[in-house]
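Take a walk through this model, starting at the ligand and working outward to the whole chain. Keep the 3D view open as you read.

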Amino acid sequence: MAAHLDGRIALVTGASRGIGRAIAERLGRDGAFVVVHYARDDAAAREVVATIAGAGGQAAAVRAELGTPGDIGTLFAGLERALRDAGREVALDILVNNAGIGLPATIEQVDEAGFDRVFAVNVKAPFFLTQRALPLLRDGGRIINVSSGVTRVAFPEGIAYASTKGALDAFGHSLAKHVGPRGITVNAVAPGVIDTDVNAGWLRDNPGAQATVAEWSALGRVGQPADVADAVAFLASDDARWVTAGRIDATGGARI
Ligand code: NAD
């Protein structure tokens, strides 16, 4: 059966686990050829590729450590190789800037190295990755940045992290105007607290924390990676053709 993203090529960064994995698997189910970018965990990336293939889709894994010298060149060399090996045109239709790191620190605790690192991975990498992707993106393409609900609520315990996501949102707004004439849309999806490895320590095995997070939401439960992936899938689809410079808050209505 034809899927609505058949023939499209998607690059999802940080797709070996968590939200990125769920996005990669969903876009694969929707018919896209998915380039599964990852940093280090070869086995996990291979598993994502196998899961997509097992569901009848197509994918390839590409390794690159973002926020290091030469990262973007490494990623795109891998992407070109992967697409050629698969007999695909070297092109892109969907770019999902998902890879990101946190920095649990108040303003007093943030040092310059930590600040530079979180901005390098969360802002500089998506900026230059997108710059490099633009010539490959076909007209009508999609750029989706994974932001965070923390840009709209106070998050003093992660103030530098929150600042990176605000920067990412601002980047997306200006970029949307720049690439709009090519029919390319640029949007963000902003998750609330999602049950991923990043939050495992305090959330996954802690029923008290889960109850608190569930209460923050309007829907009374903790968000799952697929809750975010499905919002990304909408923005990647033709149904979202008139949505750009926008943002979907996939937070379950959390407002704290
Ligand atoms: P995660 O740590 O489970 O996954 C992050 C992914 O990014 C991993 O695959 C990791 O390898 C990759 N990555 C991190 N640093 C990298 C680097 N330097 N180079 C290459 N890859 C790198 O986290 P997640 O919870 O799935 O988060 C995914 C995105 O969602 C992030 O941008 C995060 O800020 C955002 N987000 C998460 C939550 C949440 O509660 N989990 C909430 C809001 C926003």
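Helix 1, residues 18–29, supplies the largest share of the shell around the ligand: three residues. Keep in mind that this is a predicted model. The surroundings of the ligand comprise 25 residues. Those that come nearest are Gly14, Gly18, Leu66, Gly100 and Thr196. What is the make-up of the shell by class? Nonpolar residues number 12 and polar ones 10, while three are charged.

Now turn to the sheet. Seven strands form it, and it is open. Read across, their order is 3-2-1-4-5-6-7, and the pairing is parallel. Which strands are at the edges? They are strand 3 (58–63) and strand 7 (246–250), each of which pairs on one side only. On average, neighbouring strands in this sheet are turned by 20° against each other, with direction ignored.

Look at one pair in detail. Strand 4 covers residues 92–97 and strand 5 covers residues 137–146. Five bridges join the two in the parallel sense. One residue pair to find is Leu95 with Ile143, its bridge partner in strand 5. Helix 4 (residues 112–133) packs on the sheet here. Helix 4 touches strand 1, strand 4 and strand 5. Its direction makes about 180° with that of strand 4.

Helix 3 (residues 71–85) takes another set of strands. This helix lies across strand 1 (9–12), strand 2 (33–38) and strand 3. Against strand 3, helix 3 runs at about 150°.

Next, the annotation. An unreviewed UniProt entry lists residues 8–192 as "domain: Ketoreductase". In the model, this span is 45% helix and 21% strand. Its end C-alpha atoms lie 29 Å apart.

Finally, step back to the full chain. Its secondary structure comes to eight helices and seven strands. The radius of gyration is 17 Å, close to the 18 Å that the globule rule gives for 256 residues, so the chain is as compact as a globular protein of that length. Along the principal axes, the C-alpha atoms fill a box of roughly 50 × 40 × 40 Å.

Notes:
Residues numbered from 1 in each chain as written. Predicted model: local features only at pLDDT ≥ 70, side-chain atom pairs only at ≥ 80, totals over all residues. UniProt positions renumbered as here; feature names shortened; annotations may be inferred. Helix = DSSP H or I, 4+ residues; strand = E, 2+ residues; numbered from the N terminus. Near = placed C-beta within 6 Å. Nonpolar A, V, L, I, M, F, W, Y, C, P; charged D, E, K, R; others polar. Pairing = 2+ DSSP bridges. Axes fitted to C-alpha atoms, helices over the stretch in contact; angles between N-to-C directions. Contact = placed C-beta atoms within 7 Å. Rg over C-alpha atoms; globule rule 2.2 N^0.38 Å.
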